[in-house]
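Work through the exercises below with the model open beside you. Try each task before reading its solution.

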Amino acid sequence: MLNHDALILIVDDMKLVRSAIKRYLTTLGYKNLIEAENGAEAVKKFKDNKVDFIFMDLVMPIMTGAEALKKIRETDSNIPIAMLTSVADQKTIDDCMLLGIIDYILKPLNAESGPDTLKKVLEKAYFAKAS
């Protein structure tokens, strides 16, 4: 799994979702967690910090997750990014896959399956980095 000292950026316009993901990641042993509430803020935090992994919502105001993904990929094509979505729009997911996301996660995440879902994505990122 991804190193527990990794800096993880959690991006979602809903504070409740960010808090839940933060709580699930904390139960998995991750403590270096930063948050952004829209794509523009995510791009800035990504540029200002040495981020190791990003969980990012697709549908947000100001700048969507897909737009932020494109901007981040302009400077770093390797950072693992998992997109979060409550809207299973296959074209948007396919477009994000073409930009190299590691996975996408359907929301809502719940207390029962949330930590396991995030753990699987982090493991996928670790193995992708190792190869």
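## Exercise 1: A salt bridge inside one helix

Asp 48 forms a salt bridge with Lys 44, the closest N and O atoms being 2.6 Å apart. A salt bridge here is a side-chain nitrogen of Lys or Arg within 4 Å of a carboxyl oxygen of Asp or Glu. This is a predicted model: local features need pLDDT of at least 70, side-chain atom pairs count only at pLDDT 80 or more, and totals for chains, interfaces and linings use all residues. Residues are numbered from 1 along each chain as its sequence is written, and side-chain values use heavy atoms, with hydrogens and water left out.

**Task.** State how Asp 48 and Lys 44 are placed in helix α2, and whether they are buried or exposed.

**Solution.**
- Step 1. Locate the pair: both residues sit in helix α2 (residues 39-48). Helices (H or I, at least four residues) and strands (E, at least two) are DSSP runs, numbered from the N terminus.
- Step 2. Take the spacing: Asp 48 and Lys 44 are 4 residues apart, so about one helical turn separates them.
- Step 3. Recall the geometry: an α-helix has 3.6 residues a turn, so residues three or four places apart point the same way.
- Step 4. Check accessibility: Asp 48 is exposed, and so is Lys 44. Buried means under 20% relative accessible area, exposed over 50%, partly exposed in between (1.4 Å probe, protein chains only).

## Exercise 2: Salt bridges across the chain

**Task.** Find which parts of the chain the pair Asp 57 and Lys 107 ties together. Then do likewise for Glu 35 and Lys 22.

**Solution.**
- Step 1. Asp 57 and Lys 107 form a salt bridge, with closest N and O atoms 3.2 Å apart.
- Step 2. Asp 57 lies in strand β3 (residues 53-57) and Lys 107 in the loop between β5 and α5 (114-130), so the bridge ties together parts 50 residues apart in sequence.
- Step 3. Both Asp 57 and Lys 107 are buried. Salt bridges with shared partners join Asp 12, Asp 57 and Lys 107 into one network.
- Step 4. Glu 35 and Lys 22 also meet through their side chains in a salt bridge (3.1 Å, N to O). This pair links distant parts of the chain: Glu 35 is in strand β2 (residues 33-36) and Lys 22 in helix α1, 13 residues apart.
- Step 5. Glu 35 counts as buried because its relative accessibility is 16%. Lys 22 counts as partly exposed because its value is 32%.
- Step 6. The count by this rule comes to 8 salt bridges.

## Exercise 3: The two sides of helix α1

**Task.** Compare the end-to-end span of α1 with its expected value, then sort its buried and exposed residues.

**Solution.**
- Step 1. The expected span is 1.5 Å times one less than the number of residues. For the 13 residues of α1 (residues 15-27) that gives 18 Å, and the end C-alpha atoms are 18 Å apart, which agrees.
- Step 2. Val 17, Arg 18, Ala 20, Ile 21, Tyr 24 and Leu 25 are the buried residues of α1.
- Step 3. Viewed down the axis, these buried residues fall within an arc of 165°, so they line one face of the helix. The arc is that of the directions from the helix axis to the C-beta atoms.
- Step 4. The face turned away from the buried side carries the exposed residues Lys 15, Leu 16 and Thr 27.
- Step 5. Gly 29 follows α1 and has a positive phi, near 100°.

## Exercise 4: Strand β3 and its partners

**Task.** Name the strands that pair with β3 and say how its two faces are covered.

**Solution.**
- Step 1. β1 (residues 8-11) pairs with β3 in the parallel sense over 4 bridges. Two strands pair if DSSP finds at least two bridges between them.
- Step 2. β3 and β4 (residues 81-85) pair in the parallel sense, also over 4 bridges.
- Step 3. Follow Phe 55: Ile 10 has Phe 55 as its bridge partner in β3, and Phe 55 has Ala 82 as its bridge partner in β4.
- Step 4. Of the 5 residues of β3, 5 are buried. Phe 53, Phe 55 and Asp 57 are on one side, Ile 54 and Met 56 on the other.

## Exercise 5: A buried arginine

**Task.** What surrounds Arg 73, and how far away is the nearest side chain of opposite charge?

**Solution.**
- Step 1. Arg 73 belongs to helix α3 (residues 65-75).
- Step 2. Arg 73 is buried yet has no salt bridge; Asp 76, the nearest side chain of opposite charge, is 4.9 Å away. For charge, Lys and Arg count as positive and Asp and Glu as negative; His and the chain ends are not counted.
- Step 3. Leaving aside neighbours within four places in sequence, Arg 73 is in contact (heavy atoms within 4.5 Å) with Asn 78, Ile 79, Ile 81, Leu 99, Gly 100 and Ile 101.
- Step 4. Of these contacts, Gly 100 lies in the loop between α4 (90-98) and β5 (103-106). Gly 100 is partly exposed, with a relative accessible area of 38%.
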